[in-house]
Structures are given as structure tokens and as C-alpha cells.
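Welcome, and please open your viewer. We will go from the whole chain to single side chains, one selection at a time.

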Amino acid sequence: MTAGGGPGRPTVVVGTAGHIDHGKTTLLRALTGIDADRLPEERARGMTIDVGFAHLDLEDGSSLDFVDVPGHDRLLGNMLVGAGEIDAVLLVVAADDGPRAQTLEHLELLDALGLSHGLVAITKTDAVAADRVAEVRAAVAALLARTSLAGAPIVEVSSISGA
């Protein structure tokens, strides 16, 4: 954890990770009210190209600083730059798609960095049946089991419904 937040309260830097179009930036926008896609090209294409940032002050005086990274395979270097200084990870996996290529690549990089603090958000849960969400949850848990993020909490969310 890094210094910051309120007096004597920590600021935790949380990096996003996951496949393109799984909702990393949309989830951050729902959590913080901040659009981490700041470049006009990103907003026009609906795709994160460069590292973006969002911030959330919590009721206890601590803060979360989010580093939003690209999920496209050609932007893996940008993801790695963003992941270099994070304390924890928010791995995002879409319920309709499940773990994909960049999910695995990002997870391997996070494991290589030794990151053991994290949370998995299964997004787009409003777009699929409950049994599909359960399938994705099981697949994610199996992937995490062989990494430094083994046992990380998995939550099911929807940026559309607010769940």
C-alpha cells in the first residue's frame, strides 16, 4: 500500500486486467463516476488504448486509485507498464464470454509480478442465464488456483443494473 488517503489512511493502487470488451472501463465508471478513457480515439472506438486512471475515496478515509489498462493483445506492453506499480488487481471477466486470451495473458503477467491481492469481477451478468455465470465462476476459480491470486474473491456484477 502506498501513502495517501485521509490522515493516516492508505491509498491502495488497484490495476485492472482482462480481455478486451469485458467491461473494465465501464466497471470503473460505474464504481467511481470517472471515465478512465481520456483520449478522443478511445472514446470514439469504445476501446482503451493507453493507461487511464480513476479514483475513489472510501467512507473510512482510505482511497482506491485505479489504473485502467488496455485489454487488447497488441497493447500488452501498455498493460505491463500500468501493472508495474499496483498493490492489487481487479481482474474482469465477462459472463457472456468467459476467460479469453488476454485474460490468460494478463493473469500470467500478474502471477509473474507476484501479485497476491486481488478481486475478480464477473461482468455482464445481466446478459446471461445464472447457469452461465456459475460456469464462468468455476472456470475463473480454476485459472486462479494455479496463480498467486489463488482464492481471490469472485463477485458478480452488472454495470447496467448496478448489481
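A residue counts as buried when its relative accessible area is under 20%, as exposed when that area is over 50%, and as partly exposed in between. Keep those cut-offs in mind on every stop of this tour. One more thing before you start clicking: what you see is a predicted model.

**Stop 1: the whole protein**

Show everything as a cartoon. The protein has 5 helices and 7 strands. Trace the chain from its start and you will meet them in the order β-β-α-α-β-β-α-β-α-β-α-β.

Now switch on the surface. The accessible surface comes to about 7900 Å², and 55% of this area belongs to carbon and sulfur atoms. How many of the residues count as buried? Of the 163 residues in the protein, the share is 44%.

The contacts tell you how the chain is folded back on itself. Take the contacts between residues at least 6 apart in sequence: 69% of them join residues at least 24 apart.

**Stop 2: helix 5**

Select residues 130–144, which make up helix 5. At 1.5 Å a residue, these 15 residues should span 21 Å, and the end C-alpha atoms are indeed 21 Å apart, so the expected and modelled spans agree.

Next, colour the buried residues of this helix: Val133, Val136, Val140, Leu143 and Leu144. Turn the view until you look down the axis of helix 5. The buried residues fall within an arc of 95°, and therefore line one face of the helix. On the other side, Asp131 and Ala142 are exposed.

What do the buried residues of helix 5 pack against? Add strand 5 (88–94), helix 4 (101–112), strand 6 (118–123) and strand 7 (154–156) to your selection, and you have the partners.

**Stop 3: the salt bridges**

Side chains of opposite charge can pair when their charged atoms come close. This structure holds 3 salt bridges, and we can visit each in turn.

Begin with Arg132 and Glu135, whose closest N and O atoms are 3.1 Å apart. Both residues lie in helix 5, with their positions 3 residues apart in the numbering, about one turn of the helix. Arg132 has a relative accessible area of 24% and is partly exposed; Glu135, with 47%, is also partly exposed.

Then pick Arg137 and Glu156, where the N to O distance is 3.0 Å. This pair links distant parts of the chain, with Arg137 in helix 5 and Glu156 in strand 7, 19 residues apart. Arg137 is partly exposed at a relative accessible area of 31%, and Glu156 is partly exposed at 39%.

Finish this stop with Arg100 and Asp97, whose side chains meet at 3.1 Å, N to O. Arg100 counts as partly exposed, at 38% relative accessibility. Asp97 counts as partly exposed too, at 31%.

**Stop 4: Thr147**

Move to Thr147, in the loop between helix 5 and strand 7. Is this residue buried or exposed? Its relative accessibility is 15%, and because buried means under 20%, Thr147 counts as buried.

Show the side chain of Thr147 as sticks and follow it to the backbone oxygen of Leu144, at 2.9 Å. You met Leu144 earlier, among the buried residues of helix 5. Leaving aside residues up to four places away in sequence, Thr147 touches Leu107 and Asp111.

**Stop 5: Lys124**

On the other flank of helix 5 in sequence, select Lys124, which sits in the loop between strand 6 and helix 5. Which backbone angle should you check here? Look at phi: for Lys124 this angle is near 60°, a positive value in a residue other than glycine. Lys124 is partly exposed, with a relative accessible area of 27%.

**Stop 6: Val51**

For the last stop, go to Val51, in the loop between helix 2 (40–45) and strand 3 (52–57). At 10% relative accessibility, Val51 counts as buried. Now add Val67 and draw a line between the two C-alpha atoms. Val51 and Val67 are 16 residues apart in sequence, and in space their C-alpha atoms are 6.7 Å apart.

How values were computed
Residues are numbered from 1 along each chain as its sequence is written. This is a predicted model: local features need pLDDT of at least 70, side-chain atom pairs count only at pLDDT 80 or more; totals for chains, interfaces and linings use all residues. Side-chain values use heavy atoms; hydrogens and water are left out. Helices (H or I, at least four residues) and strands (E, at least two) are DSSP runs, numbered from the N terminus. Buried means under 20% relative accessible area, exposed over 50%, partly exposed in between (1.4 Å probe, protein chains only). Contact means heavy atoms within 4.5 Å. Accessible areas come from the Shrake-Rupley method with a 1.4 Å probe; for residues, only the protein chains shown count as cover. The expected span of a helix is 1.5 Å times one less than its number of residues. The arc is that of the directions from the helix axis to the C-beta atoms. A salt bridge is a side-chain nitrogen of Lys or Arg within 4 Å of a carboxyl oxygen of Asp or Glu. A polar contact is a pair of N or O atoms within 3.5 Å; within protein, one must be able to donate a hydrogen and the other to accept it, and residues adjacent in sequence count only if both atoms are side-chain atoms.
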